[in-house]
Structures are given as structure tokens and as C-alpha cells.
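Welcome to this guided tour! Please open the structure in your viewer and keep the selection tool at hand.

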Amino acid sequence: MRFSTRSEYGIRVMVRLGRSYGRGPVALGELADQEGLPVAYLEQIAGQLRRAGLIASRMGTKGGYTLARQPGAISMADIVRSLEGSLAPVSCLAEGGGPGECTHADVPCSAHAFWEQLQGTITSTLQSVTVADLMKEGQPA
């Protein structure tokens, strides 16, 4: 399973914004330069993060983006869900298949329980890590 560059870049931007938390907005161009990412793609990602309520924007010469909540209150699950739409590893779970039920098959799926377990593990891990946790990585002690 691979996460898209949308999630990869989104997480990097959120950590960068976390490191600037409380110091005012950061321009998207500055974020792009700091992370070596394309501005046009970051505009799309920032729009999704803003619509999800994870970041706030301010227009004008002193404008830019800030986290909408404290870094410790934003999980990786929040970010990935806002950018990917679902944490489900297979389509039947993404489409609302309940415990033991596949929405795409006429016969019971012999692997459905496995996919549910995997989704639970992925979700739990993503929920347990926050922007604040990632801000600590790579920082001097």
C-alpha cells in the first residue's frame, strides 16, 4: 500500500506549519521553497486542508497559512483523510461495507476480516501520531 504524494506533501507542509505555530501565517511560496515542492500542487493541497478545517488562510501582503488547531490536536489520520478521502485499504471498506460484509461481491469475501483488521491497524497508527510528534523528529534535543 502506498500513500499518494498528496498525503506525503500535505504531512510535510503541516509539520512545517507546526514549527511556525503561533508566529503568524507562512506564505505558500515560502513553504514550497522550504520543502522543495511545486507551488501549484501545494495550492491544491492547501485548499483541501483548509476545507477540512486543518489550516486557516489569511489574504494580503502579510498573509499565508497557519494551523487551525494546535499541532498536538491534529493527527496524521486527520490529514490523510482530508487528502485521500478514506483510510480503507480496499474498495469494499471505503464504500461502507460493515463488519464481515463486502459491498462489491455477491458471495462472502473470505479476506474481508483481514482487510478490516489491516484498516484498524492503519487507522490506529495514523490517529496515534500528531503533527507535534513529527515536529520533534530531526530536531536537536
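The stops below go from the whole chain to single residues and back to the core.

**Stop 1: the whole protein**

Start with a cartoon view, and keep in mind that this is a predicted model. You should find 7 helices and 2 strands. Following the chain from the N terminus, the elements come in the order α-α-α-β-β-α-α-α-α. Now switch on the surface: its accessible area is about 8100 Å², and 50% of that belongs to carbon and sulfur atoms. Of the 141 residues, 38% are buried. Among the contacts with a separation of 6 or more, 65% join residues 24 or more positions apart.

**Stop 2: the hairpin**

Select residues 55–58, which form strand β1, together with residues 64–67, which form strand β2. The two strands run antiparallel and are joined by 4 bridges. Click on A56 and look across to β2: its bridge partner there is T66. Next try R58, which stands opposite G64 in β2. As you look along the strands, remember a rule of thumb: in a regular strand, side chains alternate between the two faces of the sheet. Then move to the 5 residues between the strands, where G60 has a positive phi near 110°.

**Stop 3: one face of a helix**

Select helix α2, residues 28–35. Which of the residues of α2 are buried? They are L28, L31, A32 and E35. Turn the model until you look down the axis of α2: the buried residues fall within an arc of 100°, so they line one face of the helix. Here is some helpful background: an α-helix has 3.6 residues a turn, so residues three or four places apart point the same way. The buried residues of α2 pack against α1, α3 and β2. Just after α2, pick out G36, which has a positive phi near 65°.

**Stop 4: a pair of rings**

The whole structure holds 2 aromatic pairs. For one of them, show the side chains of Y9 and Y41: the ring centres are 5.6 Å apart and the planes are at 75°, so this pair is edge-to-face, as planes over 60 degrees apart are counted. Y9 sits in helix α1 (residues 5–19) and Y41 in helix α3 (residues 39–51), so the pair ties together parts that are 32 residues apart in sequence. Are these two tyrosines equally covered? Y9 counts as buried, because its relative accessibility is 17%. Y41, at 21%, counts as partly exposed.

**Stop 5: the nonpolar core**

Now select M14, L17, L42, L49, I55, I79 and V131. Of the 31 residues in the largest nonpolar core, these touch the most other members. The elements giving two or more residues to this core are α1, α2, α3, β2, α4, α6 and α7. Helix α1 gives the most, with 6 residues. Zoom in on V131 and leave aside its neighbours within four places in sequence: V131 is in contact with M14, V15, G18, L67, P71, I74, M76 and I79.

**Stop 6: a threonine in α6**

For the last stop, click on T123 in helix α6. Is T123 buried or exposed? Its relative accessible area is 14%, so T123 is buried. Not counting residues up to four places away in sequence, T123 touches R81 and L87.

Technical notes:
Residues are numbered from 1 along each chain as its sequence is written. This is a predicted model: local features need pLDDT of at least 70, side-chain atom pairs count only at pLDDT 80 or more; totals for chains, interfaces and linings use all residues. Side-chain values use heavy atoms; hydrogens and water are left out. Two strands pair if DSSP finds at least two bridges between them. Rings of Phe, Tyr and Trp (its six-membered ring) pair if their centres lie within 6.5 Å; planes under 30 degrees apart count as stacked, over 60 as edge-to-face and the rest as tilted. Buried means under 20% relative accessible area, exposed over 50%, partly exposed in between (1.4 Å probe, protein chains only). A nonpolar core is a set of buried Ala, Val, Leu, Ile, Met, Phe, Trp, Tyr and Cys residues joined through side-chain atoms within 4.5 Å. Contact means heavy atoms within 4.5 Å. Accessible areas come from the Shrake-Rupley method with a 1.4 Å probe; for residues, only the protein chains shown count as cover. The arc is that of the directions from the helix axis to the C-beta atoms.
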